[in-house]
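The exercises below work through one protein model, going from its overall layout to a single hairpin and its surface. Please keep the sequence and the coordinates at hand while reading.

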Amino acid sequence: MEFVSNLFAGDDGTNTIQCNIRDISERKRADEQLRKLSRIVEQAPLCIAITDLAGQLEYVNPMFTQVTVYSKREALGQN
């Protein structure tokens with residue numbers, strides 16, 4: 001659960017407290033799934049590269065840097 005509260009001061013000197021409670025269970029499950037998938041990509045024994053629509057590298061995994069002559073820093077932004 002996530003609890004958020006806000007205090008609003010009125011022009012007439014009154015205060016209003018607004019409280020919101022949200023069930024964030026689904027978001028936590030999605031975050032955990034994303035972490036697992038990220039670990040898989042990082043540890044994969046394959047070269048993985050992600051490009052934008054123009055073909056410029058946005059992401060390379062560690063195996064990419066082991067197999068190619070490029071460091072991650074050198075590769076990102078190249079096509």
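**Exercise 1. Describe the order of elements and the overall dimensions.**

Along the sequence the protein follows the pattern β-β-α-β-β-α-α, where helices (H or I, at least four residues) and strands (E, at least two) are DSSP runs numbered from the N terminus. The radius of gyration, taken over C-alpha atoms, is 23 Å, well over the 12 Å that the globule rule gives for 79 residues, so the protein is more spread out than a compact globule; that rule is 2.2 Å times the number of residues to the power 0.38. The C-alpha atoms fill a box of roughly 70 × 25 × 20 Å along the principal axes. Of the 79 residues, 10% count as buried, which means under 20% relative accessible area, whereas exposed means over 50% and partly exposed lies in between (1.4 Å probe, protein chains only).

**Exercise 2. State the basis and the confidence of the model.**

This is a predicted model, in which local features need pLDDT of at least 70 and side-chain atom pairs count only at pLDDT 80 or more, while totals for chains, interfaces and linings use all residues. Residues are numbered from 1 along each chain as its sequence is written, and side-chain values use heavy atoms, with hydrogens and water left out. The average pLDDT (the predictor's confidence in each residue, from 0 to 100) is 95, and 100% of the residues score at least 70. Among the elements, strand 1 has the lowest mean, 94, and strand 4 (residues 57–60) the highest, 97.

**Exercise 3. Analyse the hairpin of strand 1 and strand 2.**

Strand 1 (residues 2–9) and strand 2 (residues 15–22) run antiparallel and are joined by eight bridges; two strands pair if DSSP finds at least two bridges between them. Within this pairing F3 stands opposite I21, and F8 stands opposite T16. Five residues lie between the strands of the hairpin, in which G13 takes a positive phi near 90°.

**Exercise 4. Classify M1: is this residue buried or exposed?**

M1 is found in the segment before strand 1, and M1 counts as exposed because its relative accessibility is 72%.
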